[in-house]
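Take a moment with the sequence and the fold below. The paragraphs that follow walk through them step by step.

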Amino acid sequence: MSRPVYILGAGALGSLLGALLSSCTRVQLQARSAHARAIRRQGGLRLSATRPGVYPLEVDDQPRPPAPGAVVLVTVKAFDLEEALRELAPWLDPSHLVVVLQNGLGIRHLAARVLGRPVIRAVTFMAAAYEAPGHVAFNAMGKTYLPANGEVLDLWRQSGMPAEQVDDIETYIWRKLAINAVINPLSALLGVCNGELLQLRPVARGLVEEVVQVARQEGQILDVEETLAKVEASMQQTSRNTSSMLQDVQAGRQTEIEWISGAVVRLAAAHGLQAPRNQMLRELVRFTAEAAS
Ligand code: PAF
């Protein structure tokens with residue numbers, strides 16, 4: 001019998017994972033009231049685009065503890081992570097497995113510090129956009145990379161999601177950082193879907209060069225051409241998705257810019273380097289997000 005799953009963070013990604021995982025185990029999705037009400041009214045979460053349909057799942061709009069032995073998937077945005085984990089901490093016991101899936105750097109370290117226990121840091125390329133309460137557009141079935149944990153890997157695979165166990169999760173964290181450092185700020189500033197950015201190769205290359213340079217200082221040997229190819233493959237694969245940063249700007253919310261471009265700039269400075277292109281996008285996104293809020 002699979003472990004139950006508890007999802008903290010019912011945005012586009014958390015809701016999507018809840019819908020798909022509910023086919024193979026009990027899922028408790030913690031959602032805001034309008035989203036929770038719509039899910040109950042429809043008899044589940046509505047997915048459009050890939051695998052359209054209504055997916056039954058259990059939703060709570062009042063904070064509730066995870067079931068004993070649950071896999072706790074934390075899918076809140078990076079800027080909400082610390083507070084969400086502080087609220088979660090009193091409910092956890094050694095039977096729970098905590099998995100963090102945010103964009104950006106420093107996530108595992110932050111989670112382990114706040115919870116005082118190890119967590120599983122996963123990297124996912126699933127792409128989704130929140131359309132309306134009770135409705136998520138499932139825009140790309142991307143792979144999820146997990147460090148050694150067979151149970152979480154099995155849950156993913158049983159629910160039909162591609163997943164791979166990897167020894168070097170740090171490499172995937174850095175690759176995803178490069179992808180997010182190109183796609184997220186550019187899409188948020190230009191107001192375009194990810195696929196449109198394929199036309200901006202020289203801009204993407206400049207940003208990737210800076211990420212690769214910082215990664216090397218941190219002991220991650222990435223290659224510019226290979227990383228750029230991965231960024232472009234991600235643009236292609238998620239071409240119809242509205243990036244999470246564009247969704248945040250459009251909704252007048254805070255963005256993850258400090259966890260992505262901001263992290264590249266801060267680490268560059270710590271190593272006596274500069275990352276002027278990432279710095280420029282960081283400032284422009286901050287300005288755009290403030291103007292939109
Ligand atoms: O943050 C996002 O939007 C996603 O990480 C990705 C992979 C760029 C797809 O839109």
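Two strands pair if DSSP finds at least two bridges between them. With that in hand, turn to strands β3 and β11. They pair in the parallel sense, over four bridges. Within this pairing, R46 stands opposite H135 of β11. Keep in mind throughout that this is a predicted model.

Stay with β11, residues 135-140. Another partner is strand β10, which covers residues 127-132. Here the pairing is antiparallel and has five bridges. Y130 has V136 as its bridge partner in β11. β10 and β11 form a hairpin, with two residues between them. One residue to find in the turn is G134, which has a positive phi of about 80°. How many of the six residues of β11 are buried? Six of the six are, so the strand is largely enclosed by the rest of the structure. Buried means under 20% relative accessible area.

Step back along the chain from β3. β3 spans 45-49, and α2 spans 33-42. G43 sits in the loop between them. Is G43 buried or partly exposed? G43 is partly exposed, with a relative accessible area of 43%. G43 and E58 are 15 residues apart in sequence. In space, their C-alpha atoms are 9.4 Å apart.

Now look at the six-stranded sheet. The sheet is open, and its pairing is parallel. Trace the strands in the order β5-β2-β1-β6-β7-β8. The edge strands are β5 (58-60) and β8 (120-121), and each of them pairs on one side only. At the β8 end, two bridges join β8 to β7, residues 97-100. These two strands run parallel. V100 has R121 in β8 as its bridge partner.

Move along this sheet to β1, residues 5-8. β1 pairs with β2, residues 27-30, in the parallel sense over four bridges. I7 has L29 of β2 as its bridge partner. In a regular strand the side chains alternate between the two faces of the sheet. Check β1 with that in mind. V5 and I7 lie on one side, while Y6 and L8 lie on the other. These four residues are all buried, and both faces of the strand are covered.

Further along the chain comes helix α1, residues 12-21. How many of its 10 residues are buried? The count is 10 of the 10, so α1 is largely enclosed by the rest of the structure. The buried residues include L13, L16, L17, L20 and L21. G14, S15 and G18 are also buried. An α-helix has 3.6 residues a turn, so residues three or four places apart point the same way.

There is also a three-stranded sheet. This one is open, with the order β9-β12-β13 and mixed pairing. Its edge strands are β9 (123-124) and β13 (163-165), each pairing on one side only. β9 and β12, residues 144-146, pair in the antiparallel sense over two bridges. T124 stands opposite T144 of β12.

Two cysteines come next. C24 is partly exposed, with a relative accessible area of 22%. C193 also counts as partly exposed, at 30% relative accessibility. How many disulfides does a search of the whole structure find? The search finds zero.

Finish at the ligand. Which residues surround it? They are N103, K176, N180, I183, N184, N194, N241, S243 and S244. By class, this shell has one nonpolar, seven polar and one charged residues. The largest share comes from helix α6, residues 169-190, which supplies four residues.

Look next at individual contacts with the ligand. A polar side-chain atom of N103 lies 2.9 Å from an oxygen atom of the ligand. For N194, a polar side-chain atom is likewise 2.9 Å from a ligand oxygen atom. In the side chain of N241, an N or O atom is 2.9 Å from an oxygen atom of the ligand. Taken alone, the ligand exposes 280 Å², and the protein buries 94% of that.

Definitions and conventions
Residues numbered from 1 in each chain as written. Predicted model: local features only at pLDDT ≥ 70, side-chain atom pairs only at ≥ 80, totals over all residues. Heavy atoms only, no water. Near = heavy atom within 4 Å. Polar contact = N/O pair within 3.5 Å; in protein donor to acceptor, adjacent residues only side chain to side chain. Areas by Shrake-Rupley, 256 points an atom, 1.4 Å probe, with all protein chains shown as cover. Nonpolar A, V, L, I, M, F, W, Y, C, P; charged D, E, K, R; others polar. Disulfide = S-S within 2.5 Å. Buried < 20%, exposed > 50% of the residue type's maximum accessible area, 1.4 Å probe, protein only.
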